[in-house]
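Me: I have a structure to go through. Can you take my questions one at a time and keep the answers short?

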Amino acid sequence: MTNLTDLLLKYITSPEEAAYVLDFLKEQNYSVENQNDLISLIKNLHYNESNTPSGELDATVDMLKLYISPLLLVLGTIGNILAFVVLVKNSHKVSTYHYLYVLAVMDILLLMTNLLQVWIKQLTGILIQNEADWLCKLFVFVGFFSSDASVWLIIAVTVERWIAVQMPLKTSMICTPRRTKLSVILVLAVIASLNSHFLWSVGIQATNGTGTSIKYECAPSPAYATLINTVWPWVDAIIYSFLPFVIISAVNFMIINTVCKARRRRETLLLSSKQKKIETRRANSKLTLMLLSLSFSFLFLTLPMNIMMIAVVFWNKENHSSEENWTFSLIRTITELLMYTNHTVNFMLYFVTGQRFRQQFVKIFIPCNTSWSTANENERTQHNTHHMKRVSSWNSDKNDKDDIAKPSFIRSNNMKHRHGQYV
C-alpha cells in the first residue's frame, strides 16, 4: 500500500486529481498509510494554485457565482411577483399588460431553473438536473422554453408599441385584449414546440469520470448528440439572441423616428396652446417610454452574451493556456450574469419609467396612501383651476383697459367682435 501512496504523491499534479483520488480511496475502504502526506499534498497544491493568476481568476468566478447569483435571484423573484400582481389586476385597462405579466412568469421560471441551479451547485457541488431523469428533462426544457419565450414576448410588445405610434387612431381596433391574448398563446405554443425535443433528446447518461469510474449526468442521448451539441447551439443563438436583437433594434429605431416626427408636428399645430401641447406629449409618451426601456434593457444586457456565443465557436477551435482559459471563463461568467440581470430588472424599469404603473402599484400595495394621493390630486386641480381663473381675469381686465385707452370707434368695434356680431 505504501508503494501506491508513493505513486500517488509522485504523479498527482493538481488539487482536483488529489481530491478525487482521496475520495475514491475512501469509498473503496483503502487504508492509506501515508494519507496525511496525501492530504498535505492537496493543501499545498490548492495553495499554490490559488496564488497563481489562474487561481485568482478561478476564485473570482466562484465569488461572482456565490454572491451575485442569490442577489439576482432574490431581487428578480420578488420584483417579477410584484410586477405580475400589478399587471394582472390592471390588464383590463391596458392590453399590453397581458404580454408583460406573462413575461414576468417566464422570467421567474428562468431564474428558478437556471440561476438557482448555478447557485446551488456553487454551494454544494450538486447540479439538480443530474439527480433524476425527469428532473433533467424538466429543467432543460423549462430553461430553454422560458428564456426564448421571454425574448419573443418582448418582441411582441415592441411590435405592438410600433403599431400604436404608427397608427394611433386604429390602435384600439387592432390591439384588442382578445388579439393580445391570442398573440401570447401563439408565442408560447411556437416556442414550446421548438424546444419540445428536450423532453426525449436528453436524460441521465453514463459518462466517463476520472480514472475508471462512471459518472452519471444530464446529457444528450447518443441518438441526438449531434443535434444537441452541434446544431442546436446555433439554432438557440438565432432564436434567443441574433434574430431578436436585429428585430428589436430595427423596430425601436422606427418607433423613435415616428415619435420624433409626431412631436414636431404637434409642436407646429399646438404653438398657440403651450399647456395643451405639454399634456398631449406626456400622455402619448408615458407607456412608450416604459416599453422602450424594456426593449433597450434587453439589447444592452444580452449584447455581451451574443458576442460571447460567437467567440466560443472560434475559441474552441484552438488550444489555449490555462490562464487564457480561466480569463475566458471569467468573461463568460460575467456575460451570463448580465443575461440573468435582464430577467431581473423589469420591475425596476416599470416602476422608474412608468407613471401609471407606479400609481397602480401604490394603489394595490400602499392603500393607506390612496386618500392622501387623492387629496393631493384634488388640491392640485383646485390650484390649477384657481390659477386659470386668475389668468383669465387678468387677461379680461387687461383687454378692458386696452379698450378704454383706444378711440371710441375702435372700442365699439371690439365690443361687437366680443359679442359675436362679427365673424
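Reply: Start with a term: a polar contact is a pair of N or O atoms within 3.5 Å; inside a protein, one must be able to donate a hydrogen and the other to accept it. Adjacent residues in sequence count only if both atoms are side-chain atoms. Keep in mind that this is a predicted model.

Me: Which backbone oxygen lies 2.5 Å from a polar atom of the S293 side chain?
Reply: S293 sits in helix α11, residues 274-315. The cut-off for a polar contact is 3.5 Å. At 2.5 Å, the S293 side chain has such a partner in the backbone oxygen of M290.

Me: Which side chain has a polar contact of 3.4 Å with that of S293?
Reply: Set aside neighbours within four places in sequence, and S293 is in contact with L349 and T353. The side-chain polar contact of 3.4 Å is with T353.

Me: Why does S293 count as buried?
Reply: Buried means under 20% relative accessible area. S293 falls under that cut-off, so it counts as buried, because its relative accessible area is 16%.

Me: Where does Y350 lie, and is it buried or exposed?
Reply: Y350 is part of helix α13, residues 346-353. Its relative accessible area is 2%. The cut-off for buried is under 20%, so Y350 is buried.

Me: Which residues does Y350 contact, leaving aside neighbours within four places in sequence?
Reply: One partner, A83, is 267 residues away in sequence, yet 8.1 Å away in space, C-alpha to C-alpha. The full set is A83, L87, L100, L103, M290, L294 and F357.

Me: Which residues have the most contacts inside the largest nonpolar core?
Reply: That core has 50 residues. In soluble globular proteins, nonpolar side chains tend to be buried together. The residues with the most contacts inside this core are L87, L100, L153, Y350 and F357.

Me: Which helix gives the most to this core?
Reply: The top contribution is 12 residues. They come from the helix spanning residues 133-166, which is α6.

Me: What does F357 touch, not counting residues up to four places away in sequence?
Reply: F357 is one of the core residues with the most contacts. Its partners include Y350, which lists F357 in turn. The set is A83, V86, L87, Y97, M290, F347, Y350 and F351.

Me: Which backbone oxygen does the side chain of N90 reach?
Reply: N90 lies in the loop between α4 (53-89) and α5 (97-124). It is buried, at 6% relative accessible area. Not counting residues up to four places away in sequence, N90 touches Y97, Q360 and I364. At 2.8 Å, its side chain reaches the backbone oxygen of V86.

Me: How many salt bridges does a search of the whole structure find?
Reply: One joins the side chains of D133 and K137, at 3.9 Å, N to O. Another joins E336 and R332, with the closest N and O atoms 3.6 Å apart. The search finds 2.

Me: Is K137 buried or exposed?
Reply: D133 and K137 both lie in helix α6, 4 residues apart, about one turn. D133 is partly exposed, at 36% relative accessible area. K137 has 19% relative accessibility, and the cut-off is under 20%. So K137 counts as buried.

Me: How many residues apart are E336 and R332 in helix α12?
Reply: E336 is partly exposed at 27% relative accessible area. R332 is partly exposed too, at 35%. An α-helix has 3.6 residues a turn, so residues three or four places apart point the same way. E336 and R332 are about one helical turn apart, because their separation is 4 residues.

Me: How far does helix α12 reach from its first C-alpha to its last?
Reply: Helix α12 covers residues 322-342, 21 residues in total. At 1.5 Å a residue, 30 Å is expected. The model comes close to that, with 31 Å.

Me: What average pLDDT does the protein chain have?
Reply: Of the residues, 66% score at least 70. The chain average is 76.

Me: Which stretches have a pLDDT below 50?
Reply: Where pLDDT is low, the predicted coordinates should not be read in detail. Beyond near neighbours in sequence, one such stretch has 11 contacts in the model, and another has 8. They are, respectively, residues 45-52 and residues 274-281.

Conventions
Residues numbered from 1 in each chain as written. Predicted model: local features only at pLDDT ≥ 70, side-chain atom pairs only at ≥ 80, totals over all residues. Heavy atoms only, no water. Helix = DSSP H or I, 4+ residues; strand = E, 2+ residues; numbered from the N terminus. Buried < 20%, exposed > 50% of the residue type's maximum accessible area, 1.4 Å probe, protein only. Contact = heavy atoms within 4.5 Å. Core = buried A, V, L, I, M, F, W, Y, C linked by side-chain atoms within 4.5 Å. Expected span 1.5 Å × (residues − 1). Salt bridge = Lys/Arg side-chain N within 4 Å of Asp/Glu carboxyl O. pLDDT = per-residue confidence, 0-100.
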